[in-house]
Structure formats: C-alpha cells, structure tokens
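Me: Please examine one part of this model closely, namely the surroundings of the ligand. I should like a connected account of what lines the site and which contacts are made there.

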Amino acid sequence: MARGKFIVFEGLDGAGTTTQCRLLSEWLRSHGRRVHETAEPSEGPIGRMIRQVLREEQLGADDLRMNAQSIAALFAADRADHLKSEIEPALNDGVDIICDRYVHSSLAYQGSEIDLEWVASLNSVMPAPDLIIFVEVPVAVAGARRAARDDEAEIYEADVFQAKVAAGYLTARSMRPHDPVATIDGAGSVEHVQDEIRRVIIERLGLLE
Ligand code: TYD
C-alpha cells in the first residue's frame, strides 16, 4: 500500500492554519483520500500538559511560569510521542496526515526565546514532512484576526513576540534548507487562500492525478 502524505501547516498565531487544515482535509477526502487531521501540541498526555502550561502562564504569576527550556523539551517530547503513536501508524496505513504545526514552530517560537541551536538539535531526529505549507500573513493582520476571536489568549500571542516569531520562521527555513516548504500568501479571503493551497498540493505532491 502507498504510504500516506505528511503535510504540515505553519504560520503565526492568527494566520488561519486551523481553518485551512480543515478545508484541505475535506477536499482531499472528497477526492477519495483517507485523511487524518491533527495538530501540535497534540491531544496526547504531553500535548495536554503543554496547553495547560501555555494558559496558566497567562495568569502572570511568576512562580507559575515554566522556564523556556522545559517548554521546548516538552514540545519535542510531545512531537516524538505524536509521531510514534499517531502520525507514523497512519502514514504506514496509507492515510494522509494534515498536521497544524510541527518542527518549524519550535524553531520559530522556542528559538526566539532560548538557544536556537539547542532547539534545533532537540528536533534533529524528527522526520521531514512531504510538504510544509507556510501561510504567510503580516504580523499586524495576524494580530487583528486574533483580536477578533474571543478565545483564551496564550503566552505567545503578544504582537512583539509574534514579530520575533515571523523572523524566526525565516531563520528556520535557512536552518533546514532541505525541508520542502511552499509559502502561501495568507492575507486574502479564506477561499482564495484555500485555492492556492490546493494548487500547490497538486503541483508539489502530484495528488489526485
Ligand atoms: P495553536 O496552534 O495556536 O493552538 P490553539 O489555537 O488551539 O491554541 O498552538 C498553541 C501555541 O503553541 C501557539 O502559540 C504556537 C505554540 N507552539 C510553540 O511555541 N512551539 C511548538 O513547537 C508548537 C507546535 C506550537
């Protein structure tokens, strides 16, 4: 059986990757592919712990803050567990994986706070996806979209930090030049962005032919 395709979405908070992941999954399924949609932090035990940490830090109490090294290690541990328990078995079973965030998020987010080389080495064993779709939006546009949704804010969502993350994504690209990245302009309408993503999927992965 042909192995499934491993497709990752990356972008700033507010870039719209979650919506685009869902629409791409629906489209691939409508063309008869089997698709498993997932995200990092994952739904596994370490991923749940990370979400809790990201929210608790919003309380602002210094003694609740987990240090950035520990958070980076948790993201890497979650990734290793996610690969073994969820991603690899699905790919081996011929199912496509659409994953909201992966290694480049760690390089861009944790690499903005602590030693980038250390973060990169923690992640050096993680296999490259078949395609990384980087949904590019200006920091201000992403900020306006975050402000418009009323979910609970997380520690990385301040505009100043997101500007560092945007630069971090560029660094991530140069650190991992062999990763297959397609950059999509994410500033347009949801439909337009999705059309561009579908075009890239056909062009780069030869799916649906
Ligand atoms: P996010 O995709 O925003 O999840 P949700 O919208 O459901 O809260 O992910 C949560 C945050 O985690 C986001 O700000 C990016 C951050 N993150 C990292 O800092 N490093 C990583 O390796 C990953 C996967 C995510």
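Reply: In this predicted model, helix α4 makes the greatest contribution to the shell around the ligand, supplying 3 residues. The helices that each provide at least two residues of that shell are α2 (45-56), α3 (68-92) and α4 (103-109). By character, the shell comprises 6 charged, 5 nonpolar and 3 polar residues. Among the 14 residues around the ligand, those that come nearest are Asp13, Arg79, Arg101, Ser106 and Gln110.

Several side chains place polar atoms close to those of the ligand. For glutamine 110, a side-chain N or O atom is 2.7 Å from a nitrogen atom of the ligand. The side chain of aspartate 13 has an N or O atom 3.0 Å from a ligand oxygen, and a polar side-chain atom of arginine 51 lies 3.3 Å from an oxygen atom of the ligand. The protein buries 87% of the 550 Å² that the ligand exposes when taken alone. As to location, the ligand occupies the largest pocket.

Helix α3, one of the contributors to the shell, also takes part in a charged pair. Side chains of opposite charge can pair when their charged atoms come close. Arginine 3 and glutamate 88 form a salt bridge, with their closest N and O atoms 3.1 Å apart. This pair joins distant parts of the chain, since arginine 3 belongs to the segment before β1 (6-10) and glutamate 88 to helix α3, 85 residues apart. The model's salt bridges number 11.

Terms used
Residues are numbered from 1 along each chain as its sequence is written. This is a predicted model: local features need pLDDT of at least 70, side-chain atom pairs count only at pLDDT 80 or more; totals for chains, interfaces and linings use all residues. Side-chain values use heavy atoms; hydrogens and water are left out. A residue is near a molecule or strand if one of its heavy atoms lies within 4 Å of it. A polar contact is a pair of N or O atoms within 3.5 Å; within protein, one must be able to donate a hydrogen and the other to accept it, and residues adjacent in sequence count only if both atoms are side-chain atoms. Accessible areas come from the Shrake-Rupley method with a 1.4 Å probe; for residues, only the protein chains shown count as cover. On a 1 Å grid over the protein atoms alone, a cavity is a set of points where a 1.4 Å probe fits but cannot get out, and a pocket is an open set with protein on both sides within 12 Å along at least five of seven lines; lining residues have an atom within 4 Å of a point. A molecule sits in a cavity or pocket if more than half of its atoms lie within 2 Å of its grid points. Helices (H or I, at least four residues) and strands (E, at least two) are DSSP runs, numbered from the N terminus. Ala, Val, Leu, Ile, Met, Phe, Trp, Tyr, Cys and Pro count as nonpolar, Asp, Glu, Lys and Arg as charged, and the others, Gly among them, as polar. A salt bridge is a side-chain nitrogen of Lys or Arg within 4 Å of a carboxyl oxygen of Asp or Glu.
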